[in-house]
Amino acid sequence: MGCAGFTCSKHSLCALNILYVMVSLLMIGIAAWGKWFGLVSSFQVVGGVIGVGVFLFFVALVGLIGAVKHHQVLLFFYMIILFMVFIVQFSVSSACLAINKDQQEHLLEVGWNNSYSTQRDVEKSLNCCGFYHVENNGTCDAACFPNHSCSPCAEQIQEHAEEVLRFVGGIGLFFSFTEILGVWLTYRYRNQKDPRANPSAFL
């Protein structure tokens, strides 16, 4: 029974960390692909996504090595880091789902004004110009601009942002529960004795 429980915990923890490795590589790959093909010109956005992906990859790697070797120290640090990630991710996901329209509009306007490269990306992809007003004497990368038929971006951004926030909040909540499952599995696995260990080896 003890052997079956130990093996089950080990395999579950390995499977969870393999999932995290796959998600992290997917994040890095999508961010690099978007930058390479010019879909996103903002280096901060791409760098942020790649940074999160690399962090998740190393955390998952620590968990995977700790699970395979039943390494007490690695498992302890993995458990602490995963719990902290859970707290941050759960808070951010809840905030994404709870944010109201006025707060959303304010954050979007701040983000718009702070990043010229983001403005260009949005204007090009949504075919709009300006946030609240179209400046015909200014510059804009949208296809509608030469014909002076562009509309402001604010309304379109808000529609997309609401969908994105719900999606991100939902995905974040889902993964936060997998993280608390990982913390519980790690705690359980650390306290289980390896049935293959030879006690006389330590004498």
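Let's start at Cys128 and Cys153, which are joined by a disulfide with their sulfur atoms 2.0 Å apart. Keep in mind that what you're looking at is a predicted model. Twist matters here too: the torsion about this S-S bond is about 110 degrees, so the disulfide is right-handed. Both cysteines sit in the loop between helix 5 (116-126) and helix 6, so the bond ties together parts that are 25 residues apart in sequence. And are these two buried or exposed? Cys128 is buried, and Cys153 is buried as well.

That bond has company, as the structure holds three disulfides. Step along to Cys129, which pairs with Cys140, again with the sulfur atoms 2.0 Å apart. This time the torsion about the S-S bond is about -90 degrees, so the link of Cys129 and Cys140 is left-handed. You'll find both partners in the loop between helix 5 and helix 6, so what gets tied together here is eleven residues apart in sequence. Cys129 has a relative accessible area of 2%, so it counts as buried, given that the cut-off is under 20%. Cys140 is buried too, at 14% relative accessibility.

The remaining bond to visit links Cys144 and Cys150, with 1.8 Å between their sulfur atoms. At 110 degrees about the S-S bond, the Cys144 and Cys150 link is right-handed. Cys144 is buried with a relative accessible area of 7%, and Cys150 is buried at 14%. Count the bonded cysteines along the chain and the pairing reads 1-6, 2-3, 4-5.

A couple of other cysteines are worth a glance. Cys8 is partly exposed, with a relative accessible area of 46%, whereas Cys14 is buried at 13%.

Now zoom out. What does the secondary structure of the protein chain come to? There are six helices and zero strands, so to speak a run of α-α-α-α-α-α when you read along the sequence. Of the 203 residues in the protein chain, 32% are buried. If you take contacts between residues at least 6 apart in sequence, 65% of them join residues at least 24 apart. On the outside, the accessible surface comes to about 12700 Å², and 69% of that belongs to carbon and sulfur atoms.

For one such link between helices, go to the aromatic rings. The structure holds seven aromatic pairs, and one of them is Phe90 with Phe177: this pair is edge-to-face, 6.3 Å centre to centre, with 75 degrees between the planes. Phe90 belongs to helix 3 (residues 72-98) and Phe177 to helix 6 (residues 154-190), so the pair links distant parts of the chain, 87 residues apart. Why does Phe90 count as partly exposed? Its relative accessibility is 33%, and partly exposed covers what falls between under 20% for buried and over 50% for exposed. Ring pairs also bring in Phe83 and Phe86, which together with Phe90 and Phe177 make up a cluster.

Stay on helix 6 for the last stop, Gln158. At 14% relative accessibility, Gln158 counts as buried. Which residues is Gln158 in contact with, leaving aside its neighbours within four places in sequence? They are Lys101, Gln104, Glu105 and Leu108.

Definitions and conventions:
Residues are numbered from 1 along each chain as its sequence is written. This is a predicted model: local features need pLDDT of at least 70, side-chain atom pairs count only at pLDDT 80 or more; totals for chains, interfaces and linings use all residues. Side-chain values use heavy atoms; hydrogens and water are left out. Rings of Phe, Tyr and Trp (its six-membered ring) pair if their centres lie within 6.5 Å; planes under 30 degrees apart count as stacked, over 60 as edge-to-face and the rest as tilted. Helices (H or I, at least four residues) and strands (E, at least two) are DSSP runs, numbered from the N terminus. Buried means under 20% relative accessible area, exposed over 50%, partly exposed in between (1.4 Å probe, protein chains only). Contact means heavy atoms within 4.5 Å. Accessible areas come from the Shrake-Rupley method with a 1.4 Å probe; for residues, only the protein chains shown count as cover. A disulfide is a pair of cysteine sulfur atoms within 2.5 Å.
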